[in-house]
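Hi everyone, thanks for coming. I'd like to walk you through a structure that is new to most of you, so have a look at it first.

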Amino acid sequence: MNEGKIEKKIFITGASSGIGKSLAKYYAQQKAFLGLAARRVDLLNVVADECRRSGSKVYVFQIDVRRSDDCAQAAREFIGLAGGIDIVIANSGVGGDDKLLSGNSEQINNILSTNLLGVTNTIYPFIPTLIKQRSGTIVGISSVAGFLSVPTHGGYAASKVAMRRMFDSWRITMEDDGIRLVTICPGFIDTPMTEKLRSTPFIKSLEEATPAFAKAIKKGVPTFIYPWQMRWLIKLVNILPRSLVDLIISRMKAAS
Ligand SMILES: NC(=O)c1ccc[n+]([C@@H]2O[C@H](COP(=O)([O-])OP(=O)(O)OC[C@H]3O[C@@H](n4cnc5c(N)ncnc54)[C@H](OP(=O)(O)O)[C@@H]3O)[C@@H](O)[C@H]2O)c1
């Protein structure tokens with residue numbers, strides 16, 4: 001293990017895969033005190049071992065973000081071990097179809113519960129400590145989907161809009177407490193979640209996306225849309241009439 005001063009205390013949900021795992025490995029290079037959380041503890045342990053080899057101190061937390069008790073206990077333990085928190089990243093999330101015609105709300109409710117209540121469950125237990133410290137950054141991994149009407153994925157898009165709106169509100173609520181709120185809105189990033197979308201235009205690798213996300217977190221960018229092509233797409237969507245945008249999306253759906 002490389003010796004050196006431990007820098008930031010960082011807690012990441014969804015660190016067993018994709019963006020969360022990649023952020024964990026990125027921060028591990030900077031000798032962080034890491035809390036890695038998700039359900040698949042076997043995968044978390046593999047990520048943790050890799051991070052430890054970079055000289056970071058790493059603790060693994062098996063949690064289901066839909067369960068507030070799991071999250072509260074993990075936050076308590078992490079704060080106890082690390083002596084505080086610098087960055088909490090609510091990254092856990094699931095994609096999926098609304099299954100609108102199925103007559104069964106189970107799938108959409110799971111998406112809403114994981115992606116929205118999972119965020120409040122993750123973040124709330126850290127807030128009293130952040131306020132007491134008068135420092136720290138709360139990060140939410142939202143999505144470009146939160147700016148568009150995505151057919152068949154209304155639950156996913158809604159969860160990501162709601163997260164962004166909560167962060168917009170909390171940013172103002174906590175602005176005098178020294179707490180920064182960062183909403184990351186990725187377009188398509190090559191992870192297990194997008195494995196069937198590899199040929200999507202503007203898809204970015206984790207190697208490209210992760211340093212960009214970390215830079216936005218460090219600077220405290222309020223809403224970071226990535227990559228730049230998606231920023232322009234959203235600007236365009238905001239100026240065009242809503243009926244025209246919906247027509248274009250509907251034509252694209254018919255052609256796919
Ligand atoms: N990839 C993209 O293009 C893209 C674009 C925009 C936004 N995002 C967002 O980025 C985040 C990460 O996605 P990804 O692409 O990295 O997908 P991923 O590789 O499928 O990773 C999802 C992570 O979420 C965790 N997770 C899911 N349900 C959970 C639960 N109930 N409790 C705890 N952890 C749970 C998974 O861990 P376990 O299964 O081990 O629990 C996994 O670590 C998500 O919020 C996603 O919506 C992704």
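**A first walk through the model**

Let's begin with one residue: Arg-165 is exposed, at 55% relative accessibility. Keep in mind that this is a predicted model.

What does Arg-165 do with its side chain? It meets the side chain of Asp-168 in a salt bridge, 3.0 Å from N to O. The two sit 3 residues apart in helix 6, which runs over residues 154-173, so about one helical turn separates them. And there's a third partner: Arg-165, Asp-168 and Arg-171 are linked in a network of salt bridges.

Okay, zooming out. The protein chain has 9 helices and 7 strands. Its radius of gyration is 18 Å, close to the 18 Å that the globule rule gives for 256 residues, so the chain is as compact as a globular protein of that length. If you like boxes, the C-alpha atoms fill one of roughly 55 × 40 × 35 Å along the principal axes. Buried residues account for 48% of the 256.

Back to salt bridges. How many does the structure hold? There are 10. One of them pairs Lys-25 with Glu-50, with the closest N and O atoms 3.4 Å apart. Lys-25 is in helix 1 and Glu-50 in helix 2 (residues 41-53), so this pair ties together parts that are 25 residues apart in sequence. Both ends are partly exposed: Lys-25 has a relative accessible area of 27%, and Glu-50 comes in at 33%. Another salt bridge joins Asp-70 to Arg-67, at 3.3 Å between the closest N and O atoms.

Now for some backbone oddities. Most residues other than glycine have a negative phi, and most peptide bonds are trans. Lys-31, though, has a positive phi, near 55 degrees. You'll find Lys-31 in the loop between helix 1 (18-28) and strand 2 (33-38), and it is buried, with a relative accessible area of 17%. Phe-202 also has a positive phi, about 65 degrees. That residue is in the loop between strand 6 (179-186) and helix 7 (206-219), and at 44% it counts as partly exposed.

And where is the cis peptide bond? It joins Tyr-226 and Pro-227, with omega about 0 degrees. Pro-227 lies in the loop between strand 7 (223-226) and helix 8 (228-239).

Last stop, the surface. Lys-5, Lys-8, Arg-180 and Lys-218 gather there in a patch of positive charge. Of these, Lys-8 lies in the segment before strand 1 (9-13) and is partly exposed, at 44%.

Technical notes:
Residues numbered from 1 in each chain as written. Predicted model: local features only at pLDDT ≥ 70, side-chain atom pairs only at ≥ 80, totals over all residues. Heavy atoms only, no water. Patch = residues over 30% accessible without salt bridge, like charges linked within 9 Å, V, L, I, M, F, W, Y side chains within 5 Å. Areas by Shrake-Rupley, 256 points an atom, 1.4 Å probe, with all protein chains shown as cover. Salt bridge = Lys/Arg side-chain N within 4 Å of Asp/Glu carboxyl O. Lys, Arg positive; Asp, Glu negative; His and termini not counted. Charge placed at Lys NZ, Arg CZ, Asp CG, Glu CD. Helix = DSSP H or I, 4+ residues; strand = E, 2+ residues; numbered from the N terminus. Buried < 20%, exposed > 50% of the residue type's maximum accessible area, 1.4 Å probe, protein only. Rg over C-alpha atoms; globule rule 2.2 N^0.38 Å.
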